[in-house]
Every structure is written in structure tokens, then in C-alpha cells.
Amino acid sequence: MINRYAKPLMLLVALACIALLAVGLYLQLWRDMLPCPLCILQRYAFAVTGVLCVVTLFLPQPMLGAGAALGSLASLAGAGIAIRHLWVKAHPTISCGIDPLETSLNKVFFAEWFPALFQADGLCTTDYDPILGLSIPQWALLWFAIFVVTLGLVALRSRHAE
């Protein structure tokens with residue numbers, strides 16, 4: 001049953017990833033919420049998940065499961081980063097501020113080509129007002145969890161359909 005909806009679900013996940021990256025840019029550029037290194041890593045995870053979903057749409061049907069599994073793994077990595085971000089926020093004496101992670105992230109070619117999207121300028125412990133009751137890393141974790149489950153189901157159902 002889910003196999004019939006596999007490609008539309010992959011497209012929906014890709015569009016959601018693009019929308020989430022756009023929301024991140026909006027918050028950064030118009031609401032002055034500077035992204036920290038963990039925020040940037042989460043953006044990379046959303047971008048990788050979205051790109052994998054788009055690429056998978058153009059692959060033959062037998063490759064659908066593999067693409068969905070890779071997208072699910074990218075989202076799982078993003079969920080792990082979001083959990084780490086929430087842990088850092090819960091322990092304010094720990095910071096991921098100006099450290100080797102920020103310096104190395106800002107030297108990655110994506111950060112140099114697209115600094116507005118991939119350059120870390122903020123501190124992980126900065127408290128911004130919640131959006132609809134959740135902090136930014138909580139929203140990221142929620143979306144990553146949705147993507148892990150959705151893409152995981154697509155991968156499993158595609159495997160059983162073969």
C-alpha cells in the first residue's frame with residue numbers, strides 16, 4: 001500500500017526540508033536569530049535528507065528503498081544533533097560557541113559559497129522565544145523524527161514489495 005505513495009512521500013519530505021531551510025533563513029535574516037554550530041549541522045542534515053529524496057525520485061523503482069533508507073539515516077543523524085543541542089541548552093555552563101567546531105564548519109566550502117545558510121555565528125545556549133511553544137531544536141527534532149519514520153517506512157515497504 002505505501003509503495004504506491006512512496007514517491008509522493010519522498011517529494012513531500014524533500015519539500016518539507018526546503019521549507020525548513022527557508023524558515024531557518026527567515027529566522028536568521030529577519031528575526032536576527034543567529035545560527036550556532038549545532039544549528040548549522042542540523043541545516044546540513046535537512047539539506048542532505050532533501051537532496052537524497054529528490055535524487056531518489058529520479059532513480060528506478062528498485063532503488064527507491066535504498067534512497068529512502070539513506071534519507072532516513074541522514075534524518076537520524078540530524079535527530080542526534082538536535083538531541084545534543086537540547087542537552088547543551090539544558091546545561092548552560094556548556095557551550096558550543098566559538099570553538100573548533102564553529103571554525104571548521106565555517107571553512108567548509110558550502111559555508112563559503114552560501115554563508116547566509118551555512119555559516120555559524122551564534123551561540124548554542126542563546127535563548128530565543130519559543131515558536132508555538134517549542135524551541136528551534138525541539139522543532140528540528142520533531143521534524144527529523146517524522147522524516148525518520150516516514151522514510152523508514154518507505155524503505156521497509158519498498159524492500160518487501162520487491
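Below, a colleague asks a modeller about a predicted model of one chain.

Colleague: How many helices and how many strands does the secondary structure of the chain come to?
Modeller: From the N terminus on, the elements run α-α-α-α-α-α-α. No β element appears in that order, and the count of strands is zero. The helices of the chain come to seven, the strands to zero.

Colleague: What share of the residues of the chain counts as buried?
Modeller: A residue counts as buried when its relative accessible area is under 20%. The chain has 162 residues to which this applies. The buried share is 40%.

Colleague: What part of the accessible surface belongs to carbon and sulfur atoms?
Modeller: The accessible surface of the chain comes to about 9,000 Å². Of this, the part that belongs to carbon and sulfur atoms is 72%.

Colleague: Are α1 and α3 roughly parallel or roughly antiparallel to each other?
Modeller: Helix α1 covers residues 6-29 and helix α3 residues 64-90. Their axes come within 11 Å and cross at roughly 30°. Angles under 35 degrees count as roughly parallel. The two helices are therefore roughly parallel.

Colleague: Is the crossing of α1 and α3 left-handed or right-handed?
Modeller: The crossing is that of the two axes, at roughly 30°. Where α1 passes α3, the crossing is left-handed.

Colleague: How do the residues of the contact of α1 with α3 divide into nonpolar, polar and charged?
Modeller: On the α1 side are A6, K7 and M10. They meet L64, G67 and A68 in α3. The residues of this contact divide into four nonpolar, one polar and one charged.

Conventions:
Residues numbered from 1 in each chain as written. Predicted model: local features only at pLDDT ≥ 70, side-chain atom pairs only at ≥ 80, totals over all residues. Heavy atoms only, no water. Helix = DSSP H or I, 4+ residues; strand = E, 2+ residues; numbered from the N terminus. Buried < 20%, exposed > 50% of the residue type's maximum accessible area, 1.4 Å probe, protein only. Areas by Shrake-Rupley, 256 points an atom, 1.4 Å probe, with all protein chains shown as cover. Axes fitted to C-alpha atoms, helices over the stretch in contact; angles between N-to-C directions. Parallel < 35°, antiparallel > 145°, perpendicular 65-115°, else oblique. Left-handed = near helix turned anticlockwise from the far one by under 90°. Contact = heavy atoms within 4.5 Å. Nonpolar A, V, L, I, M, F, W, Y, C, P; charged D, E, K, R; others polar.
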